[in-house]
Amino acid sequence: EEMHSIFVRGVLFEVASQKRYRWLWMRVFITQVQGSIGGWASAVKSHLTWRRGHLLRAVAEAIFLGGRLMRKVPKSVGQQLECGDFSSFCRLNIEIERTAT
């Protein structure tokens with residue numbers, strides 16, 4: 001799946017390098033940055049408690065709220081995205097895979 005993502009992103013950047021599709025390059029780049037930031041925030045929310053990292057957790061919560069307001073984070077995923085045990089982490093990954101399809 002990751003190789004497919006890299007390939008598609010490369011094709012989009014190649015197409016976007018043509019003069020009439022310059023706007024596409026920026027859109028692809030912004031989407032890539034949003035995904036990276038969202039991945040970081042979800043990792044912090046899933047693996048870091050408030051006691052261990054209150055500043056990082058606050059930043060992740062703010063990013064998560066922004067994602068919810070922009071409707072990028074489904075409700076079902078948002079409810080499971082909290083620091084918990086391994087089984088809840090596995091259930092979260094199953095839900096994430098379902099939303100990706």
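In this predicted model, the largest nonpolar core is made up of five residues: Phe64, Val73, Val77, Leu81 and Leu92. In soluble globular proteins, nonpolar side chains tend to be buried together.

One member of this core, Leu81, touches Ser42, Lys45, Ser46, Phe64 and Leu92, leaving aside residues up to four places away in sequence. Two of these contacts, Phe64 and Leu92, belong to the core as well. Another contact of Leu81, Lys45, also takes part in a salt bridge.

Side chains of opposite charge can pair when their charged atoms come close. The count of salt bridges comes to two. The table lists them.

| Salt bridge | N to O distance | Location |
|---|---|---|
| Glu61 and Lys45 | 2.8 Å | Glu61 in helix H3, Lys45 in helix H2 |
| Arg57 and Glu61 | 3.4 Å | both in helix H3 |

The pair of Glu61 and Lys45 links distant parts of the chain, 16 residues apart. Helix H2 covers residues 22–47, and helix H3 covers residues 54–69. Arg57 and Glu61, in contrast, are four residues apart, about one turn of the helix. Together, Lys45, Arg57 and Glu61 form a network of salt bridges.

Which residues of this network are buried, and which is partly exposed? Buried means under 20% relative accessible area. Lys45 has 1% relative accessibility, so Lys45 counts as buried. Arg57 is also buried, because its relative accessible area is 2%. Glu61 has 23% relative accessibility and therefore counts as partly exposed.

How values were computed. Residues numbered from 1 in each chain as written. Predicted model: local features only at pLDDT ≥ 70, side-chain atom pairs only at ≥ 80, totals over all residues. Heavy atoms only, no water. Core = buried A, V, L, I, M, F, W, Y, C linked by side-chain atoms within 4.5 Å. Buried < 20%, exposed > 50% of the residue type's maximum accessible area, 1.4 Å probe, protein only. Contact = heavy atoms within 4.5 Å. Salt bridge = Lys/Arg side-chain N within 4 Å of Asp/Glu carboxyl O. Helix = DSSP H or I, 4+ residues; strand = E, 2+ residues; numbered from the N terminus.
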